[in-house]
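Work through the exercises below with the sequence and the model at hand. Each task is followed by a solution in steps.

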Amino acid sequence: MNPAEIDEFRVQVRAWLSDNKPADPGFLLPETFMEVGTDQQFEFLRDWQRKVFEAGYLGMSWPEAYGGGGQPQLMQEIVNQEMAVARVPFVPNTIGLNWAGPLILDMGSEADKNRYIKNILSAEDIWCQGFSEPDHGSDLGNAQVRAVKDGDEYVVNGSKIWTSLGSYAKYMILIARTSTEGSNKYAGLSFFLAPMTVSGIDPTPIKKLTGEYGFCQTYFDDARIPADCMLGQEGEGWSVAMKTLMFERGAVGGQAGGLSMMDLNINDIIELARRATRNGQPAIDDPLTRDELTKLVLEARGNGLMGSKAKIPALNQTYPTAVAMSSKLRGSELKRKMTRFALSLQGANGARYISEQAMDGGKWQRSYLNAFSATIGGGTSQIQKNILGERVLGLPKS
Amino acid sequence: MIVFSEEQAMLLDTANEFCQNQAPRSAVRDVINAGTAMDPALWQTMVDLGWLGISIPESYGGLGMNLADAVPIFEAMGRQLMDTPLLATTLAAQVLIQDGSDNQKSTWLPKISAGTIAAVAYQENDGNWDLGAIDAVLTPTDSGEFTLSGTKMLVPDAEVAEVFIVSARLQGKPVWCLVSSESLESSQFERETVIDETRHSYCVQFSDVAVSPDDVLPLCQFHPFEMASMMLIAAEMSGGLAGVLEVVVDYLNTRKQFDKLIGSYQALKHPTVDMLLGSELVRSTVYHAATAWRENESASAVETAIRMAKCCASEQFSEAGDRGIQFHGGFGFTYDCDAQLFLRRALWSQYQLGDERYQRQKLGGLFF
C-alpha cells in the first residue's frame, strides 16, 4: 500500500467506527475478555464482534478461502489502531482470534481450517483455553489432566482453572497428559482442539474478588473427545503450547486483530483528577493530590522511555534484558497504583462500588480490584523480582 | 523518544574506557586524601581528547558538537566518582556561548578549549534554588566602570579557575559579569566542607572588585544555564547510580551470612531489583533529556525532559545510596565501605538546582 492508500483507508475506518460505535449500553461493560461475567455483557460484546467482522475489519489478513479478508496485515494494524483511538468496545473471542486461530492456520488440517476459522471471526464459536491447573499455577509443563486413548476417542479426567469465557465457549485449546512415561515431564503432553459440548465437561464459574464472574474451573469427568481433535502428534503438546504462547504474547504475527481489553492509561487518571472533586474543589487543585498524580505521570512516562531506551543496544550493555523482562512487573504495578489512586480522587465517594451513585458507575473501584489479576497472573510481582534478581543481576537463587 | 547515534555510542565507549583506566574507583580515596584541586596530567589528557571544547563552536577552537553530546562523558565520570573541573568549565563555556558578546567569546572560548578552567558563581548563602534571588550587586562608578560586591557559595573548583562568571544585580536587573582570578586575593577564597568529599567547593568573597564594562555579558538567561546544569548533573548521577548498583550486586554475590550468600535472601534481592529498575529509569530519562536538548525541541519539552531526569535521578540515586549502606551491614557503617562514597555523591547532587520534590512542583505546572 502506498501512503495515499493508507491514509484513505484510515479515513474510511475512522468514519465507519464513528458511525457504528455502540451507544453506552447502560450497564458496566467488562474491562477485558477475561472479565465477561453476565449474559448481558456477553451478548452485547458478541454482537459487536459480529458487526466488526461483517464490515470486514477482523481477520483482514487471513485467507479468503476460510472467511478472512486476504488483505495485507498492515490494514488490520490500522484498524486496531483506530479502534484504540475511538475507544470502541473490545471483541470477546480473543482466544480464538489471536491464539487458537493463528495456530490452526499455521498447523491445522484443511478440515480444521474449514471447520473453525470463519466461526472464530464471526463469534459464532467462542474459544477458551485449558492450560493452567489448580495445583500448577504457572508450571504448565507439569499439567496433570489425563487423556487416555480408548478406540477413536480420548477419555479426559481432571480439572483446569482460570478458564476465561468457559461458560460460553464451544471449543477449548487443551493441554493434557496422554502418557506418564517418557524422558521428562514435557514428553507425555498432547494438545487438543476440544469440543466443550461433549458430556462430562463442566465449566463452573469462579466468583472473583470484584464480586463478578468471568473465569471458570472446568471439570472433566470421563469426558470423551474424538481422537481427531488432536493438534500435532501425541506427545508433541508442549511444543504446540509454546507456539500458542508465542501468538498469545504477540511475539509472532498472524492474529486476527481487534481489541481484547479496555484501554486505561495515565491520561484517563489526569482527566478524572480534573473532573472529580475532593472537598468541593477539583482533586487536581489539591497540592498533595497533585504531587501524587505527578509521581504517577513520571512513572508512566518513565515506562515509555525505558521501552525507547531498550531499542538502543549501546545504552543497554550492562543488563541488556532488564527493561524487557521487567515490563510486565512495571506495567501491572503501575496500573494497580493508578486505579488505587483513582479512588482517592473521589472524596467520600471513593467508598462506593458498582452502582448508579458511584463515579462512572463504579468502574474505578472495579478496575482497582481487577488490577490484581495482572500483578498476580503470569507470575506474581514477587516472582518477577526473583526472576529479575537471578536472571538479570545474576544473584543466587532464593 | 530517545535518539542515540553511532557517533554518540562511540563517545560513550571511549569515555567509559578512559574513566575506568584513568580513575579506577579504588583510587577515589587517594584523590580525596591528596586534597589537591585537580590532577594536571589527567586534565591535559581530557583537553587533548577535545572534551573541553565539545559544545564550543569550531571557530573558537572547539569541536562544534552539541552540549547534549557531553552527556555520555559525564555519565562515565559519575560512574567512577570522578570530580574534575570539566563540569564547572563546560557550564561556564555554555553561559558564554548563550549570553556572551562576540568579543567575550573570542577572548575566552579558545582558551577554555585549550584547558583554561572557568566556573559559574551563582549560589548565595540562603540556599535558594531560584537563580534570580541574588544579593550580589554590580554598581556603576563615576569613571564608567563597575564594582562587584557580594558573596557566592558552593563555587566549584574556584582555586584553579582562571575566570568566573558571576551573577549580580545591576540597577535591580540580573546580569552576568566576568571576573578574572587575577583580580582576587587568595584570602577571598575559603574551601567549604561539603558532604561529597570528592568535590572542591568554595565560598568566594567579591568585595569591591573592579569590573570593566567589556566584562558585563550582554544577556543574562538563567533558564538555559539551569537546564544545561541539570542535564549534566543528572548524567553524572545516572553513572553514579549504575556504580552503586555494581557495588551492591558484587557484595550480595560474595558476602555470606548464615552459610548463604546474602543475595539469596529476598529481603535484599527484591530492593536490589528496585535499584536496577531505578537505574534503568534514570538512564532513560537522562538520554531522553539529551535528545530533547539536541533536537532543539520546544522550550517546555526540553524543560520537562530535563526536570524529569533530575527528579528521577535525585530520588533514585539517593535511595540507592541509602540502601547500599544498609545492605553492607556493619561494614556499611564504616568509612572504608565504598557505599558511603556513592551516598555522599548522591546527596550532593540531589541538592543541586532542586531535589525531587522541587522538580515535581515544577513538573506539575508543565504536565497539567
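**Exercise 1. Two backbone outliers**

Locate B:D208 in the secondary structure, describe its phi angle, and decide whether it is buried or exposed.

Solution. Start with the element: B:D208 is part of strand 7 of chain B, residues 201-211. This is a predicted model, and in it the phi of B:D208 is positive, about 50°, although the residue is not a glycine. For the surroundings, count C-beta atoms: B:D208 has 9 C-beta neighbours inside 10 Å. A residue with 12 or fewer is exposed, so B:D208 counts as exposed.

Now treat B:L353 in the same manner: where does it lie, and is it buried or exposed?

Solution. B:L353 sits in the loop between helix 11 (338-350) and helix 12 of chain B. Its phi is near 60°, again a positive value in a residue other than glycine. The cut-off for burial is 20 or more other C-beta atoms within 10 Å. B:L353 has 22 of them, so it is buried.

**Exercise 2. Helix 5 of chain B**

Check the length of helix 5 of chain B against the expected span, then state how many of its residues are buried.

Solution. Helix 5 covers residues 86-99 of chain B, which makes 14 residues. The expected span is 1.5 Å times one less than the number of residues, so helix 5 should span 20 Å. The C-alpha atoms at its ends are 20 Å apart, which agrees. As for burial, 12 of the 14 residues are buried, and the helix is mostly covered. Among the buried residues are B:L86, B:L91, B:V95 and B:L96, and also B:T89, B:T90, B:Q94 and B:D99.

**Exercise 3. Domains 1 and 3 of chain B**

Describe how domain 1 of chain B meets domain 3 of chain B.

Solution. First take the bounds: the domain assignment of chain B gives domain 1 (6-113), domain 2 (118-215) and domain 3 (222-367). The C-alpha centres of domain 1 and domain 3 of chain B are 21 Å apart. Next count the contacts: 20 residues of domain 1 of chain B are in contact with 22 residues of domain 3 of chain B. On the domain 1 side, the elements that give two or more residues are helix 4 (71-79) and helix 5 of chain B. Helix 4 of chain B gives the most, with 7 residues. By residue class, this side of domain 1 of chain B divides into 12 nonpolar, 5 polar and 3 charged.

**Exercise 4. Domains 1 and 3 of chain A**

Carry out the corresponding analysis for chain A: how many residues of domain 1 are in contact with domain 3?

Solution. The assignment for chain A gives domain 1 (3-121), domain 2 (127-248) and domain 3 (266-392). The C-alpha centres of domain 1 and domain 3 of chain A lie 28 Å apart. Here 4 residues of domain 1 of chain A are in contact with 7 residues of domain 3 of chain A. The domain 1 side consists of 2 nonpolar and 2 charged residues, with no polar ones.

**Exercise 5. The overall form of chain A**

Decide how the radius of gyration of chain A compares with the globule rule.

Solution. Chain A has 12 helices and 10 strands. Its radius of gyration is 23 Å, close to the 21 Å that the globule rule gives for 398 residues, so chain A is as compact as a globular protein of that length. Along the principal axes, the C-alpha trace of chain A spans about 70 × 55 × 50 Å. Of the 398 residues of chain A, 42% count as buried.

**Exercise 6. Cores and the chain interface**

Find which residues touch the most other members of the largest nonpolar core, and which helix of chain B gives the most residues to the side that touches chain A.

Solution. The largest nonpolar core has 149 residues, and B:L148, B:V166 and B:M231 touch the most other members. Helix 7 of chain B supplies the largest share of this core, 19 residues. Leaving aside neighbours within four places in sequence, the contacts of B:M231 include B:V71, B:W293 and B:I306. A second, separate core of 68 residues includes A:Y116, A:I120, A:C216 and A:W238.

Turn to the interface: 34 residues of chain B are in contact with 34 residues of chain A. Helix 8 of chain B gives the most to the chain B side, with 14 residues. That side divides into 20 nonpolar, 10 polar and 4 charged residues.

Definitions and conventions
Residues are numbered from 1 along each chain as its sequence is written. Chains are lettered from A and ligands numbered from 1 in the order in which they are written. This is a predicted model: local features need pLDDT of at least 70, side-chain atom pairs count only at pLDDT 80 or more; totals for chains, interfaces and linings use all residues. Two residues are in contact if their C-beta atoms, placed from the backbone, lie within 7 Å. Helices (H or I, at least four residues) and strands (E, at least two) are DSSP runs, numbered from the N terminus. Ala, Val, Leu, Ile, Met, Phe, Trp, Tyr, Cys and Pro count as nonpolar, Asp, Glu, Lys and Arg as charged, and the others, Gly among them, as polar. A nonpolar core is a set of buried Ala, Val, Leu, Ile, Met, Phe, Trp, Tyr and Cys residues joined through C-beta atoms within 7 Å. Domain bounds come from an automatic or database domain assignment. The radius of gyration is taken over C-alpha atoms; the globule rule is 2.2 Å times the number of residues to the power 0.38.
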